[in-house]
Amino acid sequence: MEPERQRSGRTLKKGRKRSRIPSKLVGAAEAMRSRWDLEEKQQPVAKKARLSTILFAENCEITHDQLCELLKYAVLGKSSFPKPSWCQLFHQNHLNNVVVFILQGLSQLHFYKFYLEFGFLRKAFKHKFRLPPPSSDFLADIIGLQKKQIIGNLPKAMEESLPSASSKVSINLQKDPIIQKYGSKKVGLTRCLLTKEEMKTYHFPLQDFPNCENFVPTKCNGSVTDNSPLFGLDCEMCLTSKGRELTRISLVAEEGGCVMDELVKPDNKIVDYLTSFSGITKKILNPVTTKLKDVQRQLKMLLPPDAVLVGHSLDLDLRALKMIHPYVIDTSLLYVREQGRRFKLKFLAKAILGKDIQCPDRLGHDATEDARTTLELARYFLKYGPKKIAELNLEALSSHQESQEPRNTAELVQQLNTSVLECLDSVGQKLLFLTREADASALSSSQNCQTIKCLSNKEVLEQARVEIPLFPFSIVQFSFEPFSPNLTEEMKKRIKIKWTEMSTVYAGPFNKNCNLRALKRLFKSFGPVRSMTFVLETHQPHLCIQYEVLEAAQLAIESLDDILVEGSCIKVQRPVTELTLDCDTLVNELEQDSENRGTIYLSGVSETFKEHLLQQSSLFLGLEAVILPKDLKSGKQKRYCFLRFKTFSSAQRALSILTGKDWKLKGRHALTPRHLHAWLRGLPHESRLPGVRVIPPPLEQEALQMLKVDHPKIAAWHWGRKIGKLYHNLCSGTLCLILLPGTK
């Protein structure tokens, strides 16, 4: 544990001791997108429930379903529910409670706008990730609550399991989401392809997109027609020290023949084979020599220019392959469901095709069978059209399956789309939901939910202190007034400018005969430079250097300020504007942020740096992650990196070694986690001359003069402290999540 956590033995009210806080990995969010922070208070016993130090999410985003996975596993454990696919929760049987705080109306934008005010959240909560934009009922998505639908006409393959025909009623096809998207007439293949905007929305890898820098294009750039060939694709993955990596790929041609079925050896150390899903074991994978690059090369050779890939949640398969393909049909999106939810492949196979796949008596999934199934589902859709699919009333069939009473808990969690409420019900427990009266949700009307409606946030807080200890799972929702749309856009622009100015330094004065090439080389040694210009408005020349990362600017200031350079004693400082007045305070707080403790920044690394590092791993005990950023356009590795260690002392020791005479690197403790870099890239590009003052918009000036609790700036400080006090009163072994869902 880091030094500041050694005070964990300090006695708090009611004789409780503050429990230690686990390590973390980064996540990110675009402005006004859903954001959540999660943390866990460990038990003062030999075995403590804790989240993994490294959470696996390559694109810094997790879905509502993945969050629901964690919550359901926290409730039932591995004996009844599979482990979450994206993180590890150790010693779940020592977990006592789950508490979810929702700050309705606040978002990632508020978190960075009022970073200093959110003191408790940023210091205590180490795991930070983004979620997709909230739907009309955000809570229903989070806990997996499914709305029951009226049973209509159903496939013959499933009729025997349904109530008598007298209970069926006619359905309104025009309201079916499939009809609303595709119409009632048959459609061609090209109509079923995802558009580029849809691929962007559903996070498919695309050229020049963040986190796709080293992805390989399939080179399929031919003209697609309704007669273009279809190929079913399915991949199996495992968890490695770097996240999810490919272990098997299956490619099936349109006539059903398997044209590719390869086992793949991951590049990084495997921490979980995910055998229950993949069927892959250590014994199976040990003799395999095929690597990811071999599979990529083979796929590029096999696929014709107009090939259309078909899969179920195909974005995950393409990300595992680290490949970009422009023409895709995703059966989880083709068979449209209400509110953005998706049918499972196993359900569609039974309901549409009348076949059983992913049987529980089989070890893991059969990738070839799954690939062939997606292909058959796509061909069924093209052959019979949207109207036929709508008449099957899949929503009603799915709801009916969910409503069937299972014989035991294990059967319950194996049913499709099991909700957190159902998991709690299976163990005889109820969910507590605390909210304001004005903030109604489908959750409020659920039988297995104890809903307490309050008149104000203050009353919600008071009730939470009393009620939370009585329930194993609690959702506490506070509501705040969000920014207006105009003010939101203005704040996004100003935050972008602020981080740009914080990453900019002025250096000088220099002699008029100074060696400009040597100066450029010197300042580039601290990190990636976005721009470097001579300032000639002064008596003696100065340099203005804008760095890509804040760490580089801070390192330049700490290394060169008041130092003799090129015969002159120079000053190195940031521009002084209304946006950088609190820069020193902000930098100090960033360095103390729980996400940055244990992480170091290094500049001057070569392409072989990682190999050298691993060769001498005995010198770097506690090393957990090596983050090597790459250029978005060229895909080449940049000359800086971040190293993540288990403890602050391990990071400090490594920093001393790596900046010593043997390694000759420059570095310091990290200031900006990876999710911040990704979030800033998503903001609109804004620039101004450093030092030019931007007048705050009238709307914000008026808002800041309103010293009331409901204003976001005041709310961030006030309610951050209130939640902090409530957090410290939670019992040991509590998994605590904080969601900032935003409004869009």
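Helices and strands here are DSSP runs, numbered from the N terminus, where a helix has at least four residues and a strand at least two. I keep to that numbering in the entries below, and I note at the start that the model is predicted.

**Entry 1: a cis peptide bond**

With the numbering settled, I looked up P509, which sits in the loop between β17 (504–508) and α20 (516–524). The peptide bond that leads from G508 into P509 is cis, and its omega is near 5°.

**Entry 2: the whole protein**

I took the totals next. The protein has 27 helices and 26 strands. Of its 744 residues, 56% are buried. I looked up the accessible surface as well, which is about 32600 Å², with 50% of it belonging to carbon and sulfur atoms. Then I turned to contacts between residues at least 6 apart in sequence, and 73% of these join residues at least 24 apart.

**Entry 3: cysteines**

How many disulfides does the structure hold? I found 0. For reference, a disulfide is a covalent bond between the sulfur atoms of two cysteines. I also checked the cover on two cysteines. C192 has 4% relative accessibility, so it counts as buried, the cut-off being under 20%. C736 is buried too, at a relative accessible area of 0%.

**Entry 4: helix α14**

Helix α14 runs over residues 367–392, which makes 26 residues. I compared its span with that of a straight helix. At 1.5 Å a residue a straight one would reach 38 Å, but the end C-alpha atoms of α14 are only 27 Å apart. Where in α14 does a kink lie? I found it at G385, shortly before the proline P386, and the angle is about 105°.

I then looked at both ends. At the start of α14, the backbone nitrogen of T368 has a side-chain oxygen of D366 within 3.0 Å. Just after the helix comes N393, with a positive phi of about 55°.

**Entry 5: helix α11 and its surroundings**

Helix α11 covers residues 314–321, and 7 of its 8 residues are buried. Among them are L314, D315, D317 and R319. I wrote down that charged letters such as D and R appear in that list beside L318, A320 and L321. What covers these buried residues? The cover includes the strands β7 (230–240), β8 (243–253), β11 (308–311), β12 (323–324) and β13 (328–330), together with the helix α10 (292–302).

I checked the backbone on either side of α11. S313, in the loop between β11 and α11, has a positive phi near 55° and is not a glycine. K322 follows α11, and its phi is positive as well, near 55°.

**Entry 6: K219**

K219 lies in the loop between β6 (216–217) and β7. Although K219 is not a glycine, its phi is positive, at about 70°. Is K219 buried or exposed? Its relative accessibility is 56%, and exposed means over 50%, so K219 counts as exposed.

**Entry 7: S107**

My last residue was S107, in the loop between β4 (97–104) and α2 (108–113). S107 counts as buried because its relative accessibility is 0%. I also noted where its side chain reaches: a polar atom of it lies 3.2 Å from the backbone nitrogen of L109.

Key
Residues are numbered from 1 along each chain as its sequence is written. This is a predicted model: local features need pLDDT of at least 70, side-chain atom pairs count only at pLDDT 80 or more; totals for chains, interfaces and linings use all residues. Side-chain values use heavy atoms; hydrogens and water are left out. The expected span of a helix is 1.5 Å times one less than its number of residues. The bend at a residue is the angle between axes fitted to the seven residues ending there and the seven starting there. A polar contact is a pair of N or O atoms within 3.5 Å; within protein, one must be able to donate a hydrogen and the other to accept it, and residues adjacent in sequence count only if both atoms are side-chain atoms. Buried means under 20% relative accessible area, exposed over 50%, partly exposed in between (1.4 Å probe, protein chains only). Contact means heavy atoms within 4.5 Å. Accessible areas come from the Shrake-Rupley method with a 1.4 Å probe; for residues, only the protein chains shown count as cover. A disulfide is a pair of cysteine sulfur atoms within 2.5 Å.
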